[in-house]
Amino acid sequence: MIPLLTGGTVPQTPDALVVRGWCGLALDALGRAREEIDAINVYPVADSDTGTNLYLTVESAARAVEAIFAAHEAADSPDGPSLAEAVRAMAHGALIGARGNSGTILAQLLRGMSQVLAGEGDLSHEASEPAGHEASEPTEQEASGLRARRLKKALGHAAASGYQAVAHPVEGTVLSVATAAAEAAEAAPDDCSAVVRAAYDGACAALERTPQQLAVLGRAGVVDAGGRGLVAVLGALVEAVSGQVVAAYATVGAVTPAGSSEDRPRGEAQGDSCGHEAASGPAFEVIYLLEADDERVERLKTRLDGLGDSLVVVGGDGLWNVHVHVDDAGAAVEAGVEAGRPYRIRITHFGAEDAHSAGFVPPVREKAQRAIVAVVPGEGLAGLYAEAGATTVLARPGEPPASGELVEAIRRAHAREVVLLPNDADLRHTAAAAAEQARTEGVRVALIPTRSAVQGIAALAVHEPERRFDEDVVAMTAAAGATRYGELAVAERQSWTMAGICQAGDMLGLIDGDVAVIGADLTATARSVLDRMLSAGGEMVTLVVGDEVPEDVAATLEEHVREAYLAVDTVVYRGGRKAALLLIGVE
């Protein structure tokens, strides 16, 4: 495992790779825990979206880090991005993509860490030297200690930054969990793996205490949702730094059934030293990015604090993310205009459970009753899906769509009911987050977990808009589930697979996501994959052929099926540019 925060003469790129890995692992962890975190979200507003908001925030951070790596690759940089570039990209991505109260605070925590980890100068300068002695390169043991102390400092600065960003900090929230993590890290030995593990353990212990610190959590029988999300992020940090996978955190207790305004409050008054909760809170959540100088932002905080509660303002260097709960959404936006240039304005009405842009402009055209939104790998497939009436999102090689792109596609579909087809196993968490976000906007969304575009084609084939929504979803899900899927790809490097060791340039035949055949020739490998898939039976074979595949390959495979499997029909589609070499479906 690559060590975090290398210093001295060691290249910076390994550190950037750990940051990249941390973001990816954190995104996966939040994807797995998203529904659980949403379910325990009772503070400051019981709107069941904390897990989704944290996922979207980290997704934005991860995409920003990937972008900085892509920029270096495009420039043929031999070393890749530095640690400073990676952590600044992470912090910036989280800042511009922060969602909700907890997401905004998490963005500030990441920014606080980045400010320390991206500190100027060589780590050796942090070593104390006797007066009159010149600084020398630290030994490996000394460098390891310096790295660990910098990591401790980063966690401490993150926790302090979080408190500074919140107008009226409340104990028993993600702030308490972050502070406990920093304090536990400070007491750990000067070893990076020990530091992050201590931070994680300290966060878990603090999370368990949150129901005793915050009355609304105790009544509901849950831990703080934002703190639970931070535990997932810190668990990912442990794995990124040490290679150790932490045991999945088990949330204590269960949410008390809704229906009581006491158990499921709309909001809470913050800053009440007696700990009294309000019976109801402001009607709107207002979030926007703001370009403004520090002095104007301080005045803005005072203005917004008088308008509502749950005020969190994070950022710096001229760019800020503003979050507040208010009854007068227009006044909150006007305050931003007076302070600078607000944009990406988002207003959510808690009571109506409907999200709108600033101005509350009603839709001009009538919504359709039902629509299909699908992710498709290739322009040819996009045309095929569009002909079937689907709204498509093009997945480019190595560039999976973000949840925001899927939400925009759902909005473009402009329907009351939407069936979402991700067509990729790796997009399950992204698609789930997009579906949850669309539901907050009043759209009924059903996510069918299609793992390949050929499963999506099978689902589309049985789609009937006139059926009841649930019946249509069940039929489409059954059709997708009854379709086995295969794919042909070229190995990029030597690797161990389920079928043995492959070499760079080998043709790989995958069945249901696992390598089943290794070959040298595309047609022969595809024939072997077909035979294996049809050995269990089948009535219909679907072939989606990419532009790079010779014209005669599809004809050869179609002939093979016709001669060897008399009762099986074959249909061939062109995947077009940016498609996989060959996709195979067997229904």
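How many disulfides does a search of the whole structure find? The search finds 0 disulfides. The model shown in these views is predicted.

**Figure 1. Two cysteines in a structure with 0 disulfides.** A disulfide is a covalent bond between the sulfur atoms of two cysteines. In this predicted model the search, which covered the whole structure, returned 0 such pairs. Cys23 has a relative accessibility of 4% and therefore counts as buried, since the cut-off for buried is under 20% relative accessible area. Cys192 is likewise classed as buried, at 9% relative accessibility.

**Figure 2. A salt bridge between Glu66 and Arg20.** Side chains of opposite charge can pair when their charged atoms come close. The structure holds 28 salt bridges. In the pair formed by Glu66 and Arg20, the closest N and O atoms are 2.9 Å apart. This pair links distant parts of the chain: Arg20 belongs to helix α1 (residues 13-39) and Glu66 to helix α2 (residues 50-74), with their positions 46 residues apart. Glu66 is partly exposed, at 37% relative accessibility. Arg20 is also partly exposed, with a relative accessible area of 26%.

**Figure 3. A salt bridge between Arg149 and Asp190.** The two side chains meet with an N to O distance of 3.0 Å. Arg149 is located in helix α5 (residues 140-165), whereas Asp190 is in the loop between α6 (174-186) and α7 (192-213), so the pair ties together parts that are 41 residues apart in sequence. Arg149 counts as partly exposed at 40% relative accessibility, and Asp190 counts as partly exposed at 34%.

**Figure 4. A salt bridge within helix α14, and a network of salt bridges.** Glu436 and Arg439 form a salt bridge in which the closest N and O atoms are 3.2 Å apart. Both residues lie in helix α14 (residues 428-440); because they are 3 residues apart, about one helical turn separates them. Arg439 is partly exposed, with a relative accessible area of 35%. Elsewhere, salt bridges with shared partners connect Arg370, Glu417, Arg444, Glu464, Arg467, Asp470 and Asp472 in one network.

**Figure 5. Surroundings of Ala475 in helix α16.** Ala475 is part of helix α16, which spans residues 469-481. With a relative accessible area of 23%, Ala475 is partly exposed. When residues up to four places away in sequence are not counted, Ala475 touches Val462 and Arg467. Val462 is 13 residues from Ala475 along the chain, and their C-alpha atoms are separated by 6.8 Å. Arg467 is also one of the residues joined in the salt-bridge network of Figure 4.

**Figure 6. An open sheet of 6 strands with mixed pairing.** Strands of a sheet pair through backbone hydrogen bonds, either parallel or antiparallel. The strand order is β14-β13-β10-β17-β15-β16. Strands β14 (514-519) and β16 (569-576) stand at the edges; each has a single partner strand, so one side of each lacks a neighbour in the sheet. From one strand to the next, the twist averages 20 degrees.

**Figure 7. Pairing of β10 with β17, and a helix across the sheet.** Strand β10 (residues 484-490) and strand β17 (residues 582-586) run antiparallel and are joined by 5 bridges. Gly486 stands opposite Ile584 in β17. Helix α18 (residues 551-564) lies across β15 (540-546), β16 and β17. The direction of helix α18 is at about 165 degrees to β16.

Methods:
Residues are numbered from 1 along each chain as its sequence is written. This is a predicted model: local features need pLDDT of at least 70, side-chain atom pairs count only at pLDDT 80 or more; totals for chains, interfaces and linings use all residues. Side-chain values use heavy atoms; hydrogens and water are left out. Helices (H or I, at least four residues) and strands (E, at least two) are DSSP runs, numbered from the N terminus. Buried means under 20% relative accessible area, exposed over 50%, partly exposed in between (1.4 Å probe, protein chains only). A disulfide is a pair of cysteine sulfur atoms within 2.5 Å. Two strands pair if DSSP finds at least two bridges between them. Axes are lines fitted to C-alpha atoms, for helices over the stretch in contact, and angles run from 0 to 180 degrees between N-to-C directions. Contact means heavy atoms within 4.5 Å.
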